[in-house]
Amino acid sequence: MYRFETHVHSTEVSRCGRVPAGEMVRLYKAAGYAGLCLTDHINPWTFMDLDLPTWEDKVTHFLKGYRSAKEAAGEDFTVLLGAEFHFHENNNDYLVYGLTEDILYGLGDDILDWGIAKFSPFCRENGLLLIQAHPFRNSMVVNKPDVVDGIEVMNGHPRHDSRNFIARAWAEHYGLLMTSGSDAHELGDQARGGIQTEKPITSLDELIAEIRKGANLIIPEDQK
């Protein structure tokens, strides 16, 4: 079986990240993973106080972590592009899989004003997979089931109570897709989640297909 991480951040982009993207790649390699999807934040704080006057400048900054991770990956490890969006409307976070650089550059400075009601159909029109991250943490708002494709039912962040058992029960009740992710920010956070597959994931299409068919979730012992 091949392990793949679905939720990880880098210090290059995410203000809360404490590990450079290249080091994250090395940590996941050492843990026996075959790849990861880097899901740095696109939120009200990502570009704050930075001299980035245009949306193109902001996206180029956002891609720093991804490009650094790709450079460190080599030929035996897969790095895919993802993002964790946080809109102005509330404290929810959304993991998005299937993003390309062209799609990101095609957005604009008003993206965080869209809210989930506008963003959800955009994702479906562009073949993106929309997953609400850790929906049962304090201050989160649980969406109607048809707004997202799925929810993160196992979030491995050790400094938050994500109430994973409630998330899983909710997903099972409403037939939502389920994901597991380490939500790695600091040393020691890595390799606590993700999915396991019979073949290594090497593309965004393969990642989305595995999640859609009901991926084998990695659940750490303390969450079983």
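Is Asp149 buried or exposed? In this predicted model, Asp149 has a relative accessibility of 14% and therefore counts as buried, since the cut-off for that class is under 20%.

The place of Asp149 is in the loop between β6 and β7. Leaving out residues up to four places away in sequence, Asp149 touches Arg124, Leu128, Leu129, Leu130, Ile131, Leu176, Leu177 and Arg212. The C-alpha atom of Asp149 is separated by 33 Å from that of Leu50, a residue 99 places away along the chain.

Asp146 also lies in the loop between β6, residues 129-132, and β7, residues 150-155. With a relative accessibility of 56%, however, Asp146 counts as exposed, because that class begins over 50%. Between the C-alpha atoms of Asp146 and Asn43, which are 103 residues apart along the chain, the separation is 23 Å.

The accessibility of these two aspartates is set out below, together with that of three residues from other parts of the chain.

| Residue | Place | Relative accessibility | Class |
|---|---|---|---|
| Asp149 | loop between β6 and β7 | 14% | buried |
| Asp146 | loop between β6 and β7 | 56% | exposed |
| Arg163 | loop between β7 and α5 | 25% | partly exposed |
| Ala191 | loop between β8 and β9 | 28% | partly exposed |
| Pro121 | helix α4 | 34% | partly exposed |

Two of the tabulated residues also call for a remark on their backbone. Most residues other than glycine have a negative phi. Arg163, which is not a glycine, nevertheless has a positive phi of about 50°, and this residue is found in the loop that runs between β7 and α5, the latter spanning residues 164-174. For Ala191, likewise a residue other than glycine, phi is positive and near 60°; the loop that holds Ala191 lies between β8, residues 177-181, and β9, residues 195-197.

Pro121 belongs to helix α4, which covers residues 116-125. Although Pro121 and Val147 are 26 residues apart along the chain, their C-alpha atoms are separated by 8.5 Å.

The largest nonpolar core has 69 residues, of which Phe62, Phe85, Tyr97, Leu104, Phe119 and Leu207 touch the most other members. The element that gives the most to this core is helix α2, residues 55-73, with seven residues. Phe119, when neighbours within four places in sequence are left aside, is in contact with Phe85, Phe87, Val96, Ile111, Trp114 and Leu130.

Helix α2 also packs against helix α1, residues 21-30, at an angle of about 45°, and the two axes are 7 Å apart. An angle between 35 and 65 degrees falls outside both the roughly parallel and the roughly perpendicular class, so α1 and α2 are oblique to each other. The crossing of α1 and α2 is right-handed. On the α1 side the contact is made by Ala21, Gly22, Val25, Arg26 and Lys29, and these meet Gly65, Ser68, Ala69, Ala72 and Ala73 in α2. By character, the residues of this contact divide into five nonpolar, three polar and two charged.

Conventions:
Residues numbered from 1 in each chain as written. Predicted model: local features only at pLDDT ≥ 70, side-chain atom pairs only at ≥ 80, totals over all residues. Heavy atoms only, no water. Core = buried A, V, L, I, M, F, W, Y, C linked by side-chain atoms within 4.5 Å. Buried < 20%, exposed > 50% of the residue type's maximum accessible area, 1.4 Å probe, protein only. Helix = DSSP H or I, 4+ residues; strand = E, 2+ residues; numbered from the N terminus. Contact = heavy atoms within 4.5 Å. Axes fitted to C-alpha atoms, helices over the stretch in contact; angles between N-to-C directions. Parallel < 35°, antiparallel > 145°, perpendicular 65-115°, else oblique. Left-handed = near helix turned anticlockwise from the far one by under 90°. Nonpolar A, V, L, I, M, F, W, Y, C, P; charged D, E, K, R; others polar.
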